Amino acid sequence: MTRTRTLGTLAVVVGFLAFVEFTSGVLQGYYTPMLSDIARHLGIHDADVNWLEGAQLMLSALVVPAFAKLGDMVGHKRMLLISTALTAAAALVLPFTDSFGVFLAAWALMGFYVVWLPLEIALIWSRSRRMEGRSSITAKAAGLLVAALEGGAIIGALVGGALIDVLPLTVVLLVPAVLIVVCFFVILFGVKESPDPTGGIFDTVGLVLISLALVCFTGGLSLLRLEGGLVNPWSWAVVLLGLLLVIPFVLWELRCDDPLIDVRMFRSPALGPVFLTAGLFGVSVLGAQAPLSTFARTDPTVYGYGLGTTGFATSLIIGVYLVAMITGALLFPTIARRLSPRITLMGASVLVGIGFLLFLPFHHEYAQVITNMVIVGLGSGALVAALPAAAASAAPASQTGVATGLTNSVKTVGGAIASCVFGIALLNGVATTAGATEGTAGSLAGYFTVWVVCGVTALAAAVLLVFVPKAAFTDRAVDTEAAPAV
């Protein structure tokens with residue numbers, strides 16, 4: 001009876017957190033159909049919209065380690081509330097400014113929502129500490145949260161596209177802001193704090209060092225994508241500086257009594273491959289979406305390749321992909337229970353790899369692209385749900401939030417690297433066929449590069465997971481892996 005009551009209480013918490021992830025999904029899908037309208041409102045070129053994504057990704061990479069660690073120290077719900085309040089405040093600025101600088105700053109601050117999922121997984125793991133089947137419970141909860149996330153993304157894109165056609169931009173931009181405010185109160189009154197926060201002293205030096213490294217590295221990648229960036233030695237120098245700054249960060253963390261990130265976790269036979277898998281997965285899930293969209297929109301009668309789809313037909317491809325992700329996220333805990341989390345993670349990675357490599361022979365027809373994206377989506381959905389849950393189950397008790405957050409941070413870095421590489425690949429040899437006066441479409445060789453890189457990195461992740469202990473990410477491993485291997 002006690003266990004049933006406990007499970008019921010946790011189910012209620014997961015229900016409230018699912019609303020939070022639904023809101024996160026809305027934010028990720030809602031603004032996409034109106035980016036051109038936002039550009040006109042701000043008086044900027046369409047290409048400058050990329051600064052919005054870049055600024056938000058950079059902030060995301062910075063805030064996740066800090067908020068994840070603070071979640072372990074002072075409570076995951078508390079940091080969830082603070083990040084939601086900051087996101088809401090930023091969203092409320094957007095409707096009332098036509099200044100690109102102010103809009104860019106507010107848009108970047110909205111990136112605090114990326115910490116929601118890692119904090120939620122850590123909170124669920126903490127709340128289920130006395131339950132049987134703790135790992136499977138967390139995996140199932142993660143699947144539900146990701147399903148809510150992707151469902152929100154679909155609804156957000158549909159609603160955003162419908163509203164921008166009938167309402168003023170100011171009113172349209174208010175809608176997600178109001179939803180985030182509601183989300184704040186859902187967390188405040190519906191979610192209980194995780195028990196037994198670790199306390200300790202926040203590692204400010206570590207945060208400064210890793211922030212400098214990430215800013216230099218991602219900033220250098222952005223410089224490489226500019227015209228002439230590849231031959232500019234300063235661009236490469238900034239990237240190299242970002243990599244070199246990781247060294248003093250690691251040395252500091254190894255000697256720190258209460259580190260921001262216990263870097264020894266990267267040497268754990270269970271956690272190390274998970275983090276590497278997250279980085280390799282970020283290549284496709286974050287870096288390949290824009291190239292896939294532009295390939296679908298490319299007119300084959302002009303360039304000799306592409307699908308020439310309308311905006312609506314392209315959105316259907318994205319919608320089918322997201323539905324496949326929901327399916328993969330919901331199927332993961334069931335399959336993991338019958339096989340094992342490790343084997344299921346390997347299978348999901350293989351699906352992503354096969355899906356992208358199928359683009360090499362099969363990219364000429366709409367149905368072929370849809371089929372490929374369904375395969376990719378099934379694997380991607382499972383990985384989005386599984387990676388933070390796997391990290392939580394394999395991490396030391398004092399680093400649960402940090403471990404789940406690291407899967408997000410490493411994934412973001414992988415996506416940033418892929419975005420740079422893919423952008424350069426698509427720019428080299430842009431199509432200038434008859435009937436095209438300017439090279440506006442990416443080269444076919446560039447698209448082949450995207451598909452090969454995404455496929456190979458996904459298969460490499462599957463190979464890495466072969467070396468993970470067989471009992472990893474299960475309740476059997478929780479009692480035996482109290483700390484990472486050193």
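1. A good place to start is Pro 291, which is buried, with a relative accessible area of 7%. Pro 291 counts as buried because that term covers residues under 20% relative accessible area. Please keep in mind while you look around that this is a predicted model. Pro 291 belongs to helix H13, which covers residues 289–297. If you follow the chain from Pro 291 to Gly 446, you go 155 residues along the sequence, yet the two C-alpha atoms are 9.3 Å apart in space.

2. Val 178 makes a nice companion to that first stop. Val 178 sits in helix H8, residues 169–190. Is Val 178 buried or partly exposed? With a relative accessibility of 49%, Val 178 is partly exposed. The label fits because exposed means over 50%. Val 178 also has a partner from elsewhere in the sequence: Ala 88 is 90 residues away along the chain, while 7.9 Å separates the C-alpha atoms of the two residues.

3. Next, have a look at the charged pairs. Side chains of opposite charge can pair when their charged atoms come close. How many salt bridges does the count give? The count comes to 2 salt bridges. One of them joins the side chains of Lys 69 and Asp 258, at 2.9 Å from N to O. Lys 69 is part of helix H3 (residues 50–74) and Asp 258 is in the loop between H11 and H12, so this pair ties together parts that are 189 residues apart in sequence. Lys 69 is itself buried, with a relative accessible area of 1%.

4. Asp 262 and Arg 264 form a salt bridge too, and their closest N and O atoms are 3.6 Å apart. The two partners can be described separately. Asp 262 has 15% relative accessibility and counts as buried, whereas Arg 264 is partly exposed, at a relative accessible area of 27%.

5. Now turn to the surface. A nonpolar patch is formed there by Leu 240, Leu 243, Leu 244, Ile 247, Leu 251 and Leu 254, with about 550 Å² of accessible area together. Which helices each supply at least two residues of this patch? They are helix H10, residues 233–244, and helix H11, residues 246–255. Leu 240 is a handy member to find, as it is located in helix H10. Leu 240 has a relative accessible area of 47% and is partly exposed. Leu 240 can belong to the patch because patch residues need over 30% relative accessible area.

6. Empty space comes next. Rolling a probe the size of a water molecule over the atoms shows where empty space is left. The second largest pocket has a volume of about 590 Å³. Its lining has 24 residues, and those nearest the centre are Leu 214, Val 246, Phe 266, Val 410 and Val 413. Two or more lining residues come from each of helix H9 (204–225), H10, H11, helix H12 (271–285) and helix H18 (400–427). H18 gives the largest share of this lining, 6 residues. By type, the lining of the second largest pocket has 20 nonpolar residues, 4 polar ones and no charged ones.

7. Finally, there is the enclosed space. A search of the whole structure finds 1 cavity of 30 Å³ or more. The largest cavity holds about 30 Å³ of space. Which residues line the largest cavity? The lining consists of Thr 277, Leu 280, Phe 281, Ser 349, Val 352, Leu 383, Thr 457, Ala 458 and Ala 461. At least two of the lining residues are supplied by each of H12, helix H16 (341–357) and helix H19 (444–466). The lining of the largest cavity divides into 6 nonpolar residues and 3 polar residues, with no charged residue.

Notes. Residues are numbered from 1 along each chain as its sequence is written. This is a predicted model: local features need pLDDT of at least 70, side-chain atom pairs count only at pLDDT 80 or more; totals for chains, interfaces and linings use all residues. Side-chain values use heavy atoms; hydrogens and water are left out. Patches are made of residues with over 30% relative accessible area and no salt bridge: like charges are joined within 9 Å, nonpolar side chains (Val, Leu, Ile, Met, Phe, Trp, Tyr) within 5 Å. Accessible areas come from the Shrake-Rupley method with a 1.4 Å probe; for residues, only the protein chains shown count as cover. A salt bridge is a side-chain nitrogen of Lys or Arg within 4 Å of a carboxyl oxygen of Asp or Glu. Helices (H or I, at least four residues) and strands (E, at least two) are DSSP runs, numbered from the N terminus. Buried means under 20% relative accessible area, exposed over 50%, partly exposed in between (1.4 Å probe, protein chains only). On a 1 Å grid over the protein atoms alone, a cavity is a set of points where a 1.4 Å probe fits but cannot get out, and a pocket is an open set with protein on both sides within 12 Å along at least five of seven lines; lining residues have an atom within 4 Å of a point. Grid points are joined across faces, edges and corners, and a volume is the space filled by probe spheres set on the points. Ala, Val, Leu, Ile, Met, Phe, Trp, Tyr, Cys and Pro count as nonpolar, Asp, Glu, Lys and Arg as charged, and the others, Gly among them, as polar.
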